[in-house]
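Please open the structure in your viewer and keep the sequence panel visible beside it. This tour moves from the whole chain to a pair of helices and then to single residues, with a selection to make at each stop.

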Amino acid sequence: MENSIFTPQNYGKVVFSFKKVMDKKQINRNQLATRSGIRFEVADRFYNGNIERMDMDVLARICFVLDCDVADVMTFQK
C-alpha cells in the first residue's frame, strides 16, 4: 500500500497564503472578521496560517470577502 496514510511517509502538506492575499488587497484581520462574520481570533489564525480544522462555510465567506478562489489561498506541496 504505497499511498496509505498508515505507512510512515512524507505525504506533503497544505500551505496557506491568506496573509499574502490579504496584504495585497489591503484587508486587515479586523476587517476580514467584520466583513465575513467571523471572530477576530479565527481571522488571525487564517492570516497566520495556523489552521487546524477548516469550516467550509467560513472558507467560502473569506474567499467571497477577499474576492479570490480557494486556489489563491491554499496549495498542496508534495
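The stops below say what to select next and what can be found there.

**The whole chain**

Begin with the entire protein chain shown as a cartoon, and keep in mind as you look that this is a predicted model. Coloured by secondary structure, the protein chain shows five helices and two strands, and if you follow it along the sequence you will meet them in the pattern β-α-α-α-α-α-β. The chain has 78 residues, of which 29% count as buried. If you draw the contacts between residues at least 6 apart in sequence, 60% of them join residues at least 24 apart.

**Helices α2 and α3**

Now select residues 29–36, which form helix α2, together with residues 40–48, which form helix α3. How do the axes of these two helices cross? They come within 8 Å of each other and cross at roughly 125°, and because of this angle α2 counts as oblique to α3. The crossing of α2 and α3 is right-handed.

Next, show the side chains where the two helices meet: on α2 select R29, N30, L32 and A33, and on α3 select F40, A43, D44, Y47 and N48. Sorted by class, the residues in this contact of α2 with α3 are five nonpolar, two polar and two charged.

**A33**

Stay on helix α2 and select A33. Is A33 buried or exposed? Its relative accessible area is 6%, which is under the 20% cut-off, so A33 counts as buried. If you place a distance label from the C-alpha of A33 to the C-alpha of A43, the two should read 5.6 Å apart in space, although they are 10 residues apart in sequence. With the neighbours within four places in sequence set aside, A33 is in contact with I38, R39, F40 and A43.

**S36**

The last selection is S36, which also lies in helix α2. Its relative accessibility is 4%, and S36 therefore counts as buried. Which residue offers the backbone oxygen that the side chain of S36 reaches? It is L32, and the distance is 2.5 Å. L32 has already appeared on this tour, as one of the α2 residues that meet α3. To finish, add R61, I62 and V65 to the view, since S36 is in contact with these residues once its neighbours within four places in sequence are left aside.

How values were computed
Residues are numbered from 1 along each chain as its sequence is written. This is a predicted model: local features need pLDDT of at least 70, side-chain atom pairs count only at pLDDT 80 or more; totals for chains, interfaces and linings use all residues. Side-chain values use heavy atoms; hydrogens and water are left out. Axes are lines fitted to C-alpha atoms, for helices over the stretch in contact, and angles run from 0 to 180 degrees between N-to-C directions. Helices (H or I, at least four residues) and strands (E, at least two) are DSSP runs, numbered from the N terminus. Angles under 35 degrees count as roughly parallel, over 145 as roughly antiparallel, 65 to 115 as roughly perpendicular and the rest as oblique. A crossing is left-handed if the near helix is turned anticlockwise from the far one by less than a right angle, and right-handed if clockwise. Contact means heavy atoms within 4.5 Å. Ala, Val, Leu, Ile, Met, Phe, Trp, Tyr, Cys and Pro count as nonpolar, Asp, Glu, Lys and Arg as charged, and the others, Gly among them, as polar. Buried means under 20% relative accessible area, exposed over 50%, partly exposed in between (1.4 Å probe, protein chains only). A polar contact is a pair of N or O atoms within 3.5 Å; within protein, one must be able to donate a hydrogen and the other to accept it, and residues adjacent in sequence count only if both atoms are side-chain atoms.
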